[in-house]
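Here is a friendly walk through one protein structure, taken a region at a time. Keep the viewer open as you read.

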Amino acid sequence: MAKTDNIYFVGIGGIGMSAIARHYNKLGKNVTGYDKTNSRLIEEMAAEGIKTTFTDSVDEIPQEFRNKANTTVVYTPAIPADNAILSYFKSNGFDVVKRAVMLGDLTRNHDAICISGSHGKTTTSTLVAHIMKNSTLGCSAFLGGVSSNYDTNYWSDTDSEYVVTEADEYDRSFLQLHPFLTLITAMDPDHLDIYGTPEEMRKAFHQFASQTTCGGSVIYKYGIDFDENVVDEDVEIFTYSRSDSNADYYATGITLNSQGLYNFSVCTPVGQIRNLSLGLPGLHNVENAVAAVALANLAGVEDDEIREALKTFKGNRRRFDYHIRTEKLVLIDDYAHHPQEIKTMLSSVRAMYPKRKITVAFQPHLYTRTRDLADEFAEALSLADRLYLLDIYPARELPIPGVTSEMLAKKITSDISVTITDKENLVKNMISEPLDVVVVMGAGDIDRLVAPLEKEMLK
């Protein structure tokens, strides 16, 4: 926990950073920070009294934050090493800590429910937090997405022993956490710029699971290559699946109702939680719901509390986020940026709209991820009927020769229409063709094009 009055966040607009910033602002600390660009999330924090600067210059640091005896600096590893503001704080002896260390401190004295995985963790963690918040147990939450139910990625419940957080594997951040309840949704290769090999990434997940506190539980998706021997003998181990009855927790009787939502029951090690209805569309979200139900069940949430919470869950911004939903037109925005996420997302859309033409606009995120998983991206994107590819969003990286959207397009061998476009012309190019079901995907800044696309589609 930060003991200083001033806390400066370098990369404050990040989803994980902003949750911690909001927490300390609520505690009455003096909070400010830097980020590269403005965003809706930063504007919402501004309304809460948290100021952000967008120029990477030491001159932008407020005077009171130059007192190193009374200032803590928090940064995200996504910030480039040559960032002038971060360099100033480091070279002048300030207390500088990574975001993950700060989150670890915040969860240390609670029963932490930590959701990890190379995909699926944001929706699942938000659903767990929603269930807990609407139960007698309650929870605090530091989320990896903005909850559509509460319009925030953070809340505090000082009366609850539980804190729910997304456990991010990037830069091995989740190794700062010591969960009471641990969930692993997937260990598909990602962040190979950090891990080098899929095996090294898998080892990190195992180390994370091994940090589960005695008396707690580890739950992982049935079928992933997880070594249960890494877990302490005083920690219980469970598995979950969307529908595989070999798992400890799984859904049965899955049906699609007239609203395009799913009804089901969840089988547990001691019985069934019947007559569940999920307020969020997408068959893949049934699997996320089973994982969330498992965590809530192990925490001690009553069946009726789980049932009511699932029914009212609205998901997260940019996770199967409908902007248009009429008989003739559909527009969905989604954060999917890993091949497995894309495959899962488009398979769910195809299941919901089996006879309709699906147009996808996708912005690849990171040169290294595009390079390392190019074949997998090509296969997943081939599920579209028509594809618009934006340039790669670099985030923290410099370009890699030969790694481009054109390279990715050439790997798509299925007979679909592929168009390479820039952000300035994406909307114009898309509306020049008849549109039916449209999915906008990516973790960069493609979401800024959703509103203008929506406006043109509704003309």
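The notes below cover a sheet, a buried strand, a helix and a single arginine, in that order.

## The five-stranded sheet

Please bear in mind that this is a predicted model. A good place to begin is the open sheet whose five strands run in the order β3-β2-β1-β4-β5, with parallel pairing. Its edge strands are β3 (51–53) and β5 (95–98), each of which pairs on one side only. From one strand to the next, the twist averages 25°.

Helix α1 (residues 15–26) packs on this sheet and touches β1, β2 and β4 (71–75). The direction of α1 makes about 165° with that of β1. If you zoom in on β1 (residues 6–10) and β2 (residues 30–34), you will find a parallel pairing over five bridges. One of the positions to look at is Asn 6 in β1, whose bridge partner in β2 is Asn 30.

## Strand β9 and its partners

Next, turn to strand β9, residues 162–166. Five of its five residues are buried, so β9 is largely enclosed by the rest of the structure. Tyr 162, Val 164 and Glu 166 point one way from the strand, while Val 163 and Thr 165 point the other way.

Which strands pair with β9? One is β6 (residues 111–116), which pairs with β9 in the parallel sense over five bridges; here Ala 112 has Val 163 as its bridge partner. Another is β7 (residues 140–147), also parallel to β9 but joined over three bridges. In that pairing, Phe 142 stands opposite Thr 165.

## Helix α8

Helix α8 covers residues 284–299, and a quick check of its length is possible. With 1.5 Å a residue, its 16 residues should span 22 Å, and the end C-alpha atoms are 23 Å apart, which agrees.

How much of α8 is buried? The helix is mostly covered, with 14 of its 16 residues buried. Just after the helix comes Gly 300, which takes a positive phi of about 105°.

## Arg 386

Our last stop is Arg 386, found in strand β19 (residues 386–389). Is this arginine buried or exposed? Its relative accessibility is 14%, and because the cut-off for buried is under 20%, Arg 386 counts as buried.

The side chain of Arg 386 makes a polar contact of 2.5 Å with that of Ser 417. Beyond its neighbours within four places in sequence, Arg 386 is in contact with several residues, including Lys 357, Ile 358, Thr 359 and Val 360. Thr 419 and Glu 433 are also among its contacts.

How values were computed:
Residues are numbered from 1 along each chain as its sequence is written. This is a predicted model: local features need pLDDT of at least 70, side-chain atom pairs count only at pLDDT 80 or more; totals for chains, interfaces and linings use all residues. Side-chain values use heavy atoms; hydrogens and water are left out. Helices (H or I, at least four residues) and strands (E, at least two) are DSSP runs, numbered from the N terminus. The expected span of a helix is 1.5 Å times one less than its number of residues. Buried means under 20% relative accessible area, exposed over 50%, partly exposed in between (1.4 Å probe, protein chains only). A polar contact is a pair of N or O atoms within 3.5 Å; within protein, one must be able to donate a hydrogen and the other to accept it, and residues adjacent in sequence count only if both atoms are side-chain atoms. Contact means heavy atoms within 4.5 Å. Two strands pair if DSSP finds at least two bridges between them. Axes are lines fitted to C-alpha atoms, for helices over the stretch in contact, and angles run from 0 to 180 degrees between N-to-C directions.
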